[in-house]
Amino acid sequence: MASKSKQPWCSCPSEYINLLTKNPKYRLYLLSHICQHIGDWYIRIATLLALNRLSSDSAQAISTFVVVQTVTQLIFSQAGGVLADSMDKRKLMMALDLFGAVVTLGFLVALREGSLIEFYIFGACRAFVQAFYDPVTRSIVPMLVSDVHDLKRATTLNGLAWAFFMAIGGIVAGKTEEYFGLQGCFVLDSITYAFSALILFFMKGDFKVPNENLERTEKEAKSKIKEKRSMVAKIVSIALYPITKCCGMVFDVAVYLWNCGFGAIVLLKASGALCWGAADVLNVQYATIPNDEDASAARLGLIFSCLGLGCFTGPIVATFLISAERPSTTQLVCIGSFAFLVSSWVGMSQSSSENQFSFICIFTTWRALGDSIIWVNSTLLLQQLVSAEFLGRVISVDYLLTELTDAISVWVVAKLLDDGLGKNAITLGLAVLSATVFSLWSIYHLFGLGAARRQQARLQKLKSTTMVIERGGAEDMNTKNIAAESAVI
């Protein structure tokens with residue numbers, strides 16, 4: 001998928017249009033991706049409102065819900081990465097979509113019964129689907145495009161779709177809740193799952209990553225099972241094979257991350273989630289108007305629309321700063337985006353939700369700029385650097401760590417709110433945390449680690465090759481190639 005042609009850092013709109021018109025597989029994938037996000041933002045807002053209705057202590061209910069989801073993801077996310085690297089990704093996404101369509105309807109039962117426990121159970125079921133789905137849907141993108149430039153455009157379009165439906169989802173979900181109740185939001189989420197599966201049905205092709213090492217290991221394991229003389233031993237071996245295979249593949253990716261030279265990058269998005277993860281709890285606090293659920297829902301929808309506006313703008317801004325052929329620029333832009341988080345949390349700490357709600361919306365938009373740049377481009381960075389046979393498992397590690405730090409952030413902030421600490425003091429603490437994370441990643445980049453290390457190694461290799469050519473007095477066609485590659489760097 002590598003491309004050595006020199007292209008401008010930012011892409012004009014016509015190049016994005018060409019990607020959509022000339023690549024039918026990616027076009028169908030994007031439509032499926034859009035269906036997912038329509039439902040995701042509906043159910044995210046509906047979940048916050050439902051927990052606020054089902055529990056007298058919304059902060060504690062939200063933190064418990066997040067913990068339940070995170071525990072589920074901790075258990076199943078690595079299995080999702082293993083399946084992404086060993087099965088046809090399209091078929092796996094279709095199966096998960098159909099299962100998700102059924103599971104989401106369970107929330108209707110919980111709302112009808114008024115049961116918080118049932119709501120947690122179906123939240124865990126939906127988290128199960130997400131734990132498998134996320135590594136698959138992100139690792140399939142490099143298989144749909146032809147070069148690094150299209151990969152950058154595809155990742156940007158995915159981020160824009162996510163942000164756009166966050167923006168309109170906030171308003172539409174609030175209106176849906178107002179006219180049809182919370183049940184309408186959950187029904188719509190189920191329908192979007194079904195549409196996503198239908199769209200993927202028309203996306204033909206084989207989307208299983210060739211992996212010679214995995215195929216050889218499977219053949220060896222099957223031959224060992226056949227060698228077992230006892231029928232009981234064969235049954236036990238067959239039953240344990242999926243577990244041993246999963247553990248072996250997880251161990252392989254751990255070794256890969258340890259030795260690849262950029263393994264710490266899987267912590268980039270997770271460290272961002274540590275800084276922004278508690279935003280949902282704080283959003284509910286800033287949006288709530290006592291004894292007025294409709295007005296609170298409208299304000300919460302407006303906050304999420306501001307999030308969508310910021311998240312839609314962030315990836316567009318990043319395209320002007322990132323070079324598809326220079327992963328170090330992607331890493332640098334992600335790190336610099338933590339400055340948005342620092343300044344926005346400081347601004348919110350000085351604002352009052354009662355009299356200055358407009359300032360809350362402005363600083364929310366500002367923070368979302370940084371959130372979205374980190375979220376979208378940390379994924380792009382992994383897609384640029386990680387080998388295809390490990391990409392699904394690496395993304396599952398990235399997903400797991402992100403959900404874990406997100407849950408930690410939510411739980412800590414909810415506990416602080418329960419202990420009586422004010423929301424403005426908490427946002428100031430998040431500003432200090434964001435500044436600390438920003439400083440640590442800046443040091444990481446300045447010391448030439450991660451993608452910066454790969455860039456330095458590439459420069460040194462080109463420099464050495466150029467010196468050899470100059471000493472030998474040789475001038476051949478390779479000289480022009482080296483000069484062109486140096487110019488790109």
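Helices here are DSSP runs of H or I, at least four residues, numbered from the N terminus. Keep in mind that you're working with a predicted model.

**Exercise 1. Place Thr 137: which helix holds it, is it buried or exposed, and what does it touch?**

Step 1. Going by that numbering, Thr 137 belongs to helix α6.
Step 2. Buried means under 20% relative accessible area. Thr 137 comes in at 7%, so it counts as buried.
Step 3. Skip the neighbours within four places in sequence, and Thr 137 is in contact with Tyr 29, His 33 and Met 93.

**Exercise 2. Classify the ring pair of Phe 119 and Phe 186, then work out which parts it ties together.**

Step 1. You need two quantities, because a pair of aromatic rings is described by the distance of the centres and the angle of the planes.
Step 2. For Phe 119 and Phe 186, those are 6.1 Å centre to centre and 80 degrees between the planes. Centres within 6.5 Å make a pair, and planes over 60 degrees apart count as edge-to-face, so Phe 119 and Phe 186 are an edge-to-face pair.
Step 3. Phe 119 sits in helix α6 (residues 116-139) and Phe 186 in helix α9 (residues 182-201), so the pair ties together parts 67 residues apart in sequence.
Step 4. Now check burial: Phe 119 has 0% relative accessibility and is buried. Phe 186 is buried too, again at 0%.

**Exercise 3. Do the same for Phe 201 and Phe 202, and find the charge over one of the rings.**

Step 1. The ring centres of Phe 201 and Phe 202 are 5.4 Å apart with planes at 85 degrees, so this pair is edge-to-face.
Step 2. Phe 201, at 43% relative accessible area, is partly exposed, while Phe 202 reaches 52% and counts as exposed.
Step 3. As for the charge, Lys 204 lies over the face of Phe 201, 4.3 Å from the ring centre.
Step 4. Elsewhere, try Trp 375: the charged end of Lys 269 sits over its ring, 4.5 Å from the centre.

**Exercise 4. Zoom out: which residues does the ring cluster link, and which touch the most other members of the largest nonpolar core?**

Step 1. The count of aromatic pairs comes to 17.
Step 2. Ring pairs join Phe 65, Phe 107, Phe 119, Tyr 120, Phe 122 and Phe 186 into a cluster.
Step 3. The largest nonpolar core has 78 residues, and Ile 62, Phe 119, Phe 186, Phe 338, Trp 345, Val 386 and Val 394 touch the most other members.
Step 4. A second, separate core of 29 residues includes Leu 92, Leu 96, Leu 157 and Phe 207.

Terms used
Residues numbered from 1 in each chain as written. Predicted model: local features only at pLDDT ≥ 70, side-chain atom pairs only at ≥ 80, totals over all residues. Heavy atoms only, no water. Core = buried A, V, L, I, M, F, W, Y, C linked by side-chain atoms within 4.5 Å. Buried < 20%, exposed > 50% of the residue type's maximum accessible area, 1.4 Å probe, protein only. Phe/Tyr/Trp six-rings, centres within 6.5 Å; stacked < 30°, edge-to-face > 60°. Helix = DSSP H or I, 4+ residues; strand = E, 2+ residues; numbered from the N terminus. Lys NZ or Arg CZ within 6 Å of the ring centre and 35° of its normal. Contact = heavy atoms within 4.5 Å.
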